[in-house]
Amino acid sequence: MEHTTETHADHPSIGTFLAVWLALVVLTAMLVIASQVSHDLAVAAMLTLTPLKAGLVLYYFMHLKYEGVLLKAMVFVAIATLLVFIGFLFFDIGFTW
Amino acid sequence: MDTPMTDAQAHAPSEHRDDLGAKVGMWLFLFTELILFGGLFILYSAYRSMHAHAFEDAGKLLDVPLGVTNTVVLLTSSLTVVLAIAYMQRGDRRKATAFLLATIGLALTFLVIKTIEWSAKFEHGIFPGSPHLLEKGPGETLFFGLYFLMTGLHGLHVIIGGILLTVMLWWVVKGKTTQDNYVYLENAGLYWHLVDVIWIFLLPLFYLAA
Amino acid sequence: MTTLAAPATHATHAPHAQTEPDYLRASSGILSWIGSTDHKRIAILYLTTMLAMFAAGVLIGVLMRVEQLTIGETIMKPETYNALFTLHGVIMIFLFVIPGLPAVFGNFFLPILIGAKDVSFPRINLASWWLFITGAALAVASLFTGGGAPDTGWSFYAPFSIRTGTNVSLAVFAAFVLGFSSILTGLNFITTIHRMRAPGMTWHKMPLFAWAAYATAWIQVLATPVIGITLLLVMAERFLGVGIFDPAKGGDPVLYQHLFWIYSHPAVYVMILPAMGAISEILPTFARRSIFGYAFIAYSSIAIAALGSIVWAHHMFTSGMSEVAQFVFSLLTFLVAIPSAIKVFNWTATLYKGSIDMQPPMLFALSFIFLFCIGGLTGVMQGALAVNQHVHDTYFIVGHFHYVMFGGTGFAFFAAMYYWFPKMSGRMYSKKMANASWFCLFFGFNGLYFTMLILGWMGMPRRYYDHLPQFHTLHIVASLGSFLLAAGVVLFFVTLISGLRKGDKAPENPWGGKTLEWSLGSPPIVENFHEIPTVHQAPYAYNEESGHGHAND
C-alpha cells in the first residue's frame, strides 16, 4: 500500500559512505592519541569525539539525515530520556560520594 | 509520515505493506536496545565516579590494540552493510551479496578477537567475581564486572546481528529481497549499526579509560 | 468512500444482518485462536489468561488476609507468607495490571477507534501474547522448582535477592520475558497510531483512549528496558557473582533500587493512563455530554508520562540517598499530581449538567474517580519527606497503591469490561448482577484498604507475617473487607459468564456511544469495517445545547 517515497536524492552516494567511514577511523585515531597524552585530554576527547562518531553513524549510515522530522524527534526523545536518567541519578550520587 | 491515510490508501487492495511503518517499528525497537544498554551505562557512570582511580588503573590491563582493531572492524562492517543496501537499491544483487558476506565476515572477526581477549583475561585470573579481582579491591572488581557484562551483552548482540544478516543474505540470494522490496534488509542494517554505536561508546569507556 | 454516520442511540432495534460472520465465528478450533493475528482474538486471548492470573492473585491475597486473622500462626508458616506476598505482587503487577487495559481493550479497540482494520504489526502482536504466556508459565514454574517461590517481595531488592536460596532467577527471568511482551505491544501501538488512522482522523479527532494508549506505549518502550537489564543483572549476580550490587564485593544496593524504580515508577503510569483513557470514553457516553477539556485530557496524558519518568526515587527516601536527591524528587512528585488533577477536574466538569444514565459502567467509572482521588492524595502525602519517614514500608503505602492500582486501574478495568462486553461478545449481561458485584467490590475494597491506611498510619509494617496486639482489631476488619471484596470479584466473573451463556443479544449500540466501535456489529466482523470510514466529526459529539444529547441522524 505505501511504499517508501524516497527519491534518488535521498540516497547518499557510495563516495559519501566511504568519506564517513574514513572520518570515523580518523576520529578513532584521534581518541586513542588523546588518551595517551593526558587524562584530562582523554576525557575531553571522549565526551566530544565519541558522540560525534555516533552521530555520524546515526545520520549517514542509519539514514537519519534523510528521514522526516518526526523520526528525528523520536530519536531525540529516546536519547534525552537516557541522559535524563543518568543526570537525575547524579542528584543522589553526586552529593553522597 | 504522520498524516492520516488518504482515501486511496484506505481503499487499496488488501495486501498491506507499509515500509515506513516497518522502519518506524525498527527504530522504536532500537530505542529499547539503547535503553537496555543504557542501564549498564548508568551503572558505569555511577561506579566510575565512585572509584575513579581504580577504574583508570584497571583500564590499563586491557589490550588497547585489540580494542582499537575491533573498533575498526565494526566501523568497517557498518560501511559494508550500508554498501550492501546501496547496491540493492541500485539493483546490483551480486555486489549486495558480496558486501553482506563481508559484513558477516567482519562480525565473525570481531567475535574471534573478543574471544582471544576474554581468554587472556581468564588465564590471568580475571573473570566475574574472581578471587584475584576481589583481592585487588572493589574498584577493579566493579570495572571488570562491568567490562564482562557490557562486552558480553554486546557480543550477544553481535551474534544476533550476525544471524539476522545471514538470514538477509539468504533472502537476497533467493530473490526474496529485491530492488523494490528491501525494507527488511534496511532494518537489519539499522540493527547492525546500533551494535556498532554501542561499541563506539564501549571503546573509550573501557580501553581508553587509563 | 463511506462517510461515518453517527451511531444510532439507545438500543431498541435489532442488529442489522452482516453478510460476513463476526470475528468469534469466522473460524474455529484452538489453533485458529492461538495462531490468530486478528487483534480482537488476541485481545480475548489476553483477557482470558489475564483474568485467570487475576483470580489467582486474588486468592493469594485472601490467603494472606486469613493468616492475619489471628496473632501468631493461623494457616501458614512465615516463609510461606513471604512467598505469598511476593507472588501476589508479581502476578498482580506483571501479569494483570501492567498488561491491563492495553492488552485487552487497547488490542481490541485501538484499531477500531482510529478506523483501522488491525494494528501495524499483527504477527508481532501475536508474539506479544505468546511471550506473555511464556512469562506466566515461567512465573508459575518458579513455585515448584529449585528453592521454591521467591520470598524477596516483588521488588527483588539486592542483596537479599542475590543471596536467598529461593527461585529468584526463574522469577526474574519470567518478569524479563513479560517485559519484552510489554515492549512489543508499546512499539506496535505507537506505530499503529502514527500510521493507521482513518482518513480525516487527525490527532485532535482521536478518542482519548487512543491518546492514553499512545502515552502509555512510549513509557513501555522507553522505561521497560531498564527493568530488563536490571533483572538480567540479578541473574548475573546469582549465577556469576559479578559483584555489581553486592556490598561484599564493592557493589551498591542502592544503585539496584535506582535501576529498579527507574522502570517501576513509570510502570505505574503504564497501569493508570489507559485506565484514565477508558474513563474518558465512558463518562461522556453516560452523561450524554461531550468530554470537557478534550485537549487538556489528551495532553495531560503526555505530561504524566513525561513527569512520571523523573520521580522514581520517591520510593527511596529512606534508603540513604543524598538530601539533594530527596528534595528534587519530592518536588517533582508534587508536580506529577497536577496533570492527574487536571483530568479529575475535567471529568467532573463533564458530568455537570449532563444527563446521567447510571448503568454499571458509569457506576464503576464514578467509583474510579473517588477511589483514584484517595489513592492520588495519599500519594502526595507520601511525597512529603517528613511524612515518608513514618509511613515508608507500612500499610499506609500498601493502602495507597491499592487505591490507585486496584481502586484505579482495577475498577476502570471492571468499568471497561462492563462497557465493552456487549461489543466484544455480542451479549448483554444482567444489570442487577453487575450492580451487586459493584456493591461487594466497592464496600469490600474500602473496608480492606481504608483500614490499611489507618493501620499504616498507626505504624503497622508491611510484608510482616504477624502483628502486634494493638493492630489486631483493625486487621480483622481489613480481612472481613477482603472477603467481601473477593465475593465481589466472584460476582463480577459470574455476571459476565452468565451474560455469555444466557444474555440477550447485544445491539450495535446499547449505550448510545459516539465513537467508531458503536457503528460496528456486536461482535464486529474480522476486518472491523466493511469500508474504512472517513471521519468528519470529533469524538463524543453529543448535542450540547439542550444539556442532554441525542445522536444526530
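**A tour of the chain contacts and one helix pair**

Begin by selecting chains A and B of this predicted model, where 39 residues of chain B are in contact with 33 residues of chain A, two residues being in contact if their C-beta atoms, placed from the backbone, lie within 7 Å. Residues are numbered from 1 along each chain as its sequence is written, and chains are lettered from A in the order in which they are written. Local features need pLDDT of at least 70 and side-chain atom pairs count only at pLDDT 80 or more, whereas totals for chains, interfaces and linings use all residues.

On the side of chain B that touches chain A, colour α2 (19-50), α4 (64-89) and α8 (183-207) of chain B, the elements that give two or more residues each; helices here are DSSP runs of H or I, at least four residues, numbered from the N terminus. The largest share, 13 residues, comes from α2(B).

Move next to chains C and B, where the contact takes 35 residues from chain C and 32 residues from chain B. On the chain C side, α7 (168-195), α8 (208-240) and α9 (253-287) each supply at least two residues, and α8(C) gives the largest share, nine residues.

Finally, select α11 (residues 323-351) and α12 (residues 360-383) of chain C, whose axes (lines fitted to C-alpha atoms over the stretch in contact, with angles from 0 to 180 degrees between N-to-C directions) come within 9 Å and cross at roughly 165 degrees. The two helices α11(C) and α12(C) are therefore roughly antiparallel, a term for angles over 145 degrees. Among the residues that meet are Phe334(C) and Trp347(C) in α11(C), and Ile369(C) and Val380(C) in α12(C).

Key:
Parallel < 35°, antiparallel > 145°, perpendicular 65-115°, else oblique.
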